[in-house]
Amino acid sequence: MEFDSNFMQNLERPPTRNNLSMVNIIQLILMLYLGCGAGYNLYSILSQLKFSLSNLLEILIDSLLFIGICISFYGIFVENNGYLKGGFLIFCSGCTILLIKIIIDWLKSGFSFKSLIDLLISLFIIYIIMKQIQHV
């Protein structure tokens, strides 16, 4: 399967209010999926008030994802590249730690379909952010 140069140019341009291609919309939807899931997970962990080492790792990951998506969307709406770049980097670091956690969970407890979907989405988002970060 070959991609034309227009697809790669759309992939490398970061999303803004004025520049929303189909690739950027898909990226934002996938980031929103991970960010909202992280926000819900963060709320459920913090409402239980039971902290263990694994919960602290989940709090770290979910905080990075949730804060990263909030700052990224704020940067998109106010069209400030500093906020957009900072949000992308925070979100990307959360995705990277999420990848490590998913692999460790696979080694400990086995394979699950939801974790595979999260792994693929995280890899896709990390790839796109690394392509776009040089243009922000």
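**Entry 1: Isoleucine 126**

I began with isoleucine 126 and asked whether it is buried or exposed. In this predicted model, isoleucine 126 has a relative accessibility of 16%, so it counts as buried. The cut-off I needed here is that buried means under 20%. I then looked up where isoleucine 126 sits, and found it in helix 5, which covers residues 113–132.

Next I wanted to know which residues isoleucine 126 is in contact with, once its neighbours within four places in sequence are left aside. My list has Cys92, Cys95, Thr96 and Leu99. I picked threonine 96 for a closer look: it is 30 residues from isoleucine 126 in sequence, yet their C-alpha atoms are 7.6 Å apart in space.

**Entry 2: The cysteines**

Cys92 was on that contact list, so my next stop was the cysteines. How many disulfides does the structure hold? I noted 0.

I checked cysteine 70 to see why it has no partner. The closest cysteine sulfur belongs to cysteine 36, and at 8.5 Å it is too far for a bond. For comparison, a disulfide needs the two sulfur atoms within 2.5 Å. Cysteine 92 is in no disulfide either; its nearest cysteine sulfur is that of cysteine 95, 6.4 Å away.

I also looked up how covered these two residues are. Cysteine 70 has a relative accessible area of 39%, which makes it partly exposed. Cysteine 92, at 5% relative accessibility, counts as buried.

**Entry 3: Helix 3 from end to end**

I moved on to helix 3, which runs over residues 53–78 and has 26 residues. From its first C-alpha to its last I read 37 Å, close to the 38 Å expected at 1.5 Å a residue.

Which residues of helix 3 are buried? Among them I wrote down Asn55, Ile59, Ile61, Asp62, Leu65, Gly68 and Ile69, and further along Ser72, Phe73, Gly75 and Ile76. What covers these buried residues includes helix 2 (22–48) and helix 4 (81–109).

I chose asparagine 55 as an example from helix 3. Its relative accessible area is 16%, so asparagine 55 is buried. With neighbours within four places in sequence left aside, asparagine 55 is in contact with Ile45 and Lys50.

I also looked just past the end of the helix. There, glutamate 79 takes a positive phi of about 55 degrees.

**Entry 4: Aromatic pairs**

I looked up the aromatic pairs and found that the structure holds 3. I opened two of them.

The first I opened joins phenylalanine 73 and phenylalanine 77. Their ring centres are 6.2 Å apart and their planes are at 35 degrees, so the pair is tilted. Both residues lie in helix 3, 4 residues apart, about one turn of the helix. A reminder to myself: an α-helix has 3.6 residues a turn, so residues three or four places apart point the same way. Phenylalanine 73 is among the buried residues of helix 3, whereas phenylalanine 77 counts as exposed at 52% relative accessibility.

The other pair I opened is tyrosine 74 with tyrosine 83. This one is edge-to-face, with 5.0 Å from centre to centre and 80 degrees between the planes. Tyrosine 74 is partly exposed, with a relative accessible area of 44%. Tyrosine 83 is partly exposed too, with 39%.

**Entry 5: Salt bridges**

My last search was for salt bridges, and the count comes to 2.

One salt bridge is between the side chains of aspartate 105 and lysine 101, at 2.8 Å from N to O. Both residues lie in helix 4, 4 residues apart, about one turn of the helix. Is each partner buried, partly exposed or exposed? Aspartate 105 counts as partly exposed, at 29% relative accessibility. Lysine 101 counts as buried, at 18%.

The other salt bridge links lysine 114 with aspartate 118, whose closest N and O atoms are 2.7 Å apart. These two lie in helix 5, again 4 residues apart and about one turn of the helix. I noted lysine 114 as exposed, with a relative accessible area of 53%. Aspartate 118 counts as buried, at 11% relative accessibility.

Notes
Residues are numbered from 1 along each chain as its sequence is written. This is a predicted model: local features need pLDDT of at least 70, side-chain atom pairs count only at pLDDT 80 or more; totals for chains, interfaces and linings use all residues. Side-chain values use heavy atoms; hydrogens and water are left out. The expected span of a helix is 1.5 Å times one less than its number of residues. Buried means under 20% relative accessible area, exposed over 50%, partly exposed in between (1.4 Å probe, protein chains only). Contact means heavy atoms within 4.5 Å. Rings of Phe, Tyr and Trp (its six-membered ring) pair if their centres lie within 6.5 Å; planes under 30 degrees apart count as stacked, over 60 as edge-to-face and the rest as tilted. A salt bridge is a side-chain nitrogen of Lys or Arg within 4 Å of a carboxyl oxygen of Asp or Glu.
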